[in-house]
Amino acid sequence: MSESRIPAGEARGHNLPEYSVSEISRAVKATLEDNFQRVRVRGEVSKPNYHGSGHLYFSLKDEDAVIDAVCWRGTVGRLRLRIEHGMEVIATGRISSYPGSSKYQIVIDSVELAGEGALLKLLEERRKKLAAEGLFDEARKKKLPVLPGVIGVITSPTGAVIRDILHRLADRFPRPVLLWPVAVQGEGAAEQVAAAIRGFNAMAPGGPVARPDLIIVARGGGSLEDLWAFNEEIVVRAAAASAIPLIAAIGHETDTTLIDFAADKRAPTPTAAAEMAVPVRAELMAALAENGHRLARAMARDLAHRRTEIEGLARGLPEPRRLIEDKTQALDGWIERLKVAERGFFAERQRQVATLAARLVTPAEMIRRKRQELAHGAEVLKKAMEAFAVKKERGLDRVAAGLRPALVAALIERRKLALDGLARLLDGLSYESVLRRGFVLVRDMAERPVTQAAAVTAGMKLSLTFGDGVIPAIAEAGGKPSRAAKRPASDDPAPPAPKPKKGGPKDGGPQGSLL
């Protein structure tokens, strides 16, 4: 603390003045800042901490002592390198104290690596780290285009590098060049180079500005510190992630940066990068001409060889006309065989159809058979009824033998009347009895009943069955429905048709229209 702050009279003796902790802290802080306003401290970085607020906290140490360091957020963005653990650096700033923990610290304004050895050590450690991630693998490197349509160049717009590249391209094979100007050293250079690489890759093919087919990242020679921007991780990762083939041309042939390992091709100088980018136009044209001549000669030799082979093969072939004649004759033979096979095929199918038709029963035959079955059934029923009547009559005779003659006679007469009534009922239900009452059964020539007048046409041959016989007839005109038939059923209901006998006509004859 300052001597002037202690009164002269109170400095001697045991009655010393009292100070608060804050007063002592402020006095210490003022003393440090007054005496160490600008210092350079060399040491090894320990436990760097990039705080969420943007400030950077770490320690500087050597063999015997440790000093805390703080770098405020506004200064962190201007540092030329990223502080990492184990780096040997020279920090420039002022000494101050932090009253909250009674510690003194250095407030840093700038940081630089302590000598080229430290830089090389850091460079080697970073190279091993990125190589372990596979960023330098040869398998991921892309092949350069033979003749790029547009070349993108990332370099300083005011240096001699861009002029050398343009001059060399003009001498070899002029190509459109798209320049992305960047700072190639100093604060923010690494971020600008990485942004330029990503910017070229983000351009859409076929857009208003042509997307480069090849990228050249170039810079002239310089010290290790001057070229340090091309050793930053952000630049190396951007080069490794580039989808466009990339040539790194940083410094002279003896200079090596980490972007050289991540690029698809390394050029010793920017001029050499231009030579790698395009071929020599005259040499290319000469090579194309030579290849064209060689191709023409090869095609001529191949055509001559094939002509000779064809002529040799042609001598072993028969005359084409004879081949066509033979094939024509064979075709005629096949056509004749096809016709014979076609006739045989249809004849066989006709025989099969005839055989199947012979097995079928016609409707007329079915009607005839059913008529016979009905007649036979009626005959059997009649005989059964007669036998039943005889049996009952005999039974009655036996019963009557034991009864009085008058009663027997009455019973016999009653039974006879019942039998006569049954016989008349059976006879009245047959279609013959209907015909005997004046009705007529109309059939066509196929023995099918005609039940409607509309089915009769002029000149149609008919068969009319009466109660005592059958006569043929020919219709003079087509049939028309009667007015009574056209009337609605509710106005003039038609008389009910006679009920046919259950089981069919008495003699088994076919059913039909009764007139």
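How many ångströms should the 13 residues of helix α5 span at 1.5 Å a residue, and how far apart are its end C-alpha atoms? Helix α5 covers residues 160–172, and the expected span is 18 Å, which agrees with end C-alpha atoms that are 19 Å apart. The expectation is 1.5 Å times one less than the number of residues in the helix.

Before we go further, a word on what you are looking at. This is a predicted model, in which local features need pLDDT of at least 70 and side-chain atom pairs count only at pLDDT 80 or more, while totals for chains, interfaces and linings use all residues. Residues are numbered from 1 along each chain as its sequence is written, and side-chain values use heavy atoms, with hydrogens and water left out.

The protein has 15 helices and 14 strands; these are DSSP runs numbered from the N terminus, with helices being H or I of at least four residues and strands E of at least two. Of its 515 residues, 29% count as buried. Buried here means under 20% relative accessible area, exposed means over 50%, and partly exposed lies in between, all with a 1.4 Å probe and protein chains only. Among contacts with a separation of 6 or more, 62% come from residues 24 or more positions apart, a contact being heavy atoms within 4.5 Å.

Let us return to α5 and turn it around. Its buried residues are Val161, Ile162, Ile165, Leu169 and Arg172. Seen down the axis of α5, these buried residues fall within an arc of 105°, so they line one face of the helix; the arc is taken from the directions that run from the helix axis to the C-beta atoms. On the face turned away from that buried side, you will find the exposed residues Arg163 and His167. The cover over the buried residues of α5 includes the strands β6 (151–155), β7 (177–181) and β8 (214–219), together with the helices α9 (270–277) and α10 (281–315).

Those three strands bring us to a sheet. It is an open sheet of 5 strands in the order β7-β6-β8-β9-β10, with parallel pairing. At its edges stand β7 and β10 (265–266), each with a single partner strand, so one side of each is left without a neighbour in the sheet. Two strands are said to pair if DSSP finds at least two bridges between them. Strand β8 runs parallel to β9 (residues 246–250), and 5 bridges join the two. In this part of the sheet, arginine 219 stands opposite isoleucine 250 in β9.

Threonine 155 is a good place to pause, for it lies in strand β6. This threonine is buried, with a relative accessible area of 1%. Among the residues that threonine 155 touches, not counting those up to four places away in sequence, are Val161, Ile162, Leu179, Ala218 and Arg219. A polar atom of the threonine 155 side chain also lies 2.9 Å from the backbone oxygen of alanine 218.

Elsewhere, the pairing is antiparallel. Strand β1 (residues 39–50) pairs in this sense with β4 (residues 88–98) over 6 bridges, and valine 41 stands opposite alanine 91 in β4. Strand β1 also pairs with β2 (residues 56–61), again in the antiparallel sense, over 5 bridges. Tyrosine 50 has leucine 56 in β2 as its bridge partner. Between β1 and β2, which form a hairpin, there are 5 residues, and glycine 54 in the turn has a positive phi of about 105°.

Finally, let us look at charges. The structure holds 19 salt bridges, each defined as a side-chain nitrogen of Lys or Arg within 4 Å of a carboxyl oxygen of Asp or Glu. One of them joins glutamate 124 to arginine 127, with the closest N and O atoms 2.7 Å apart. Both residues lie in helix α4 (residues 115–132), 3 residues apart, about one turn of the helix. Glutamate 124 is partly exposed at 32% relative accessible area, and arginine 127 is partly exposed at 26%.

In helix α7 (residues 233–240), arginine 237 and glutamate 233 are 4 residues apart and therefore separated by about one helical turn. Their side chains meet in a salt bridge at 3.3 Å, N to O. Arginine 237 counts as partly exposed at 32% relative accessibility, whereas glutamate 233 counts as buried at 18%. Salt bridges that share partners join Lys129, Glu133, Glu233 and Arg237 into one network.

Key
Polar contact = N/O pair within 3.5 Å; in protein donor to acceptor, adjacent residues only side chain to side chain.
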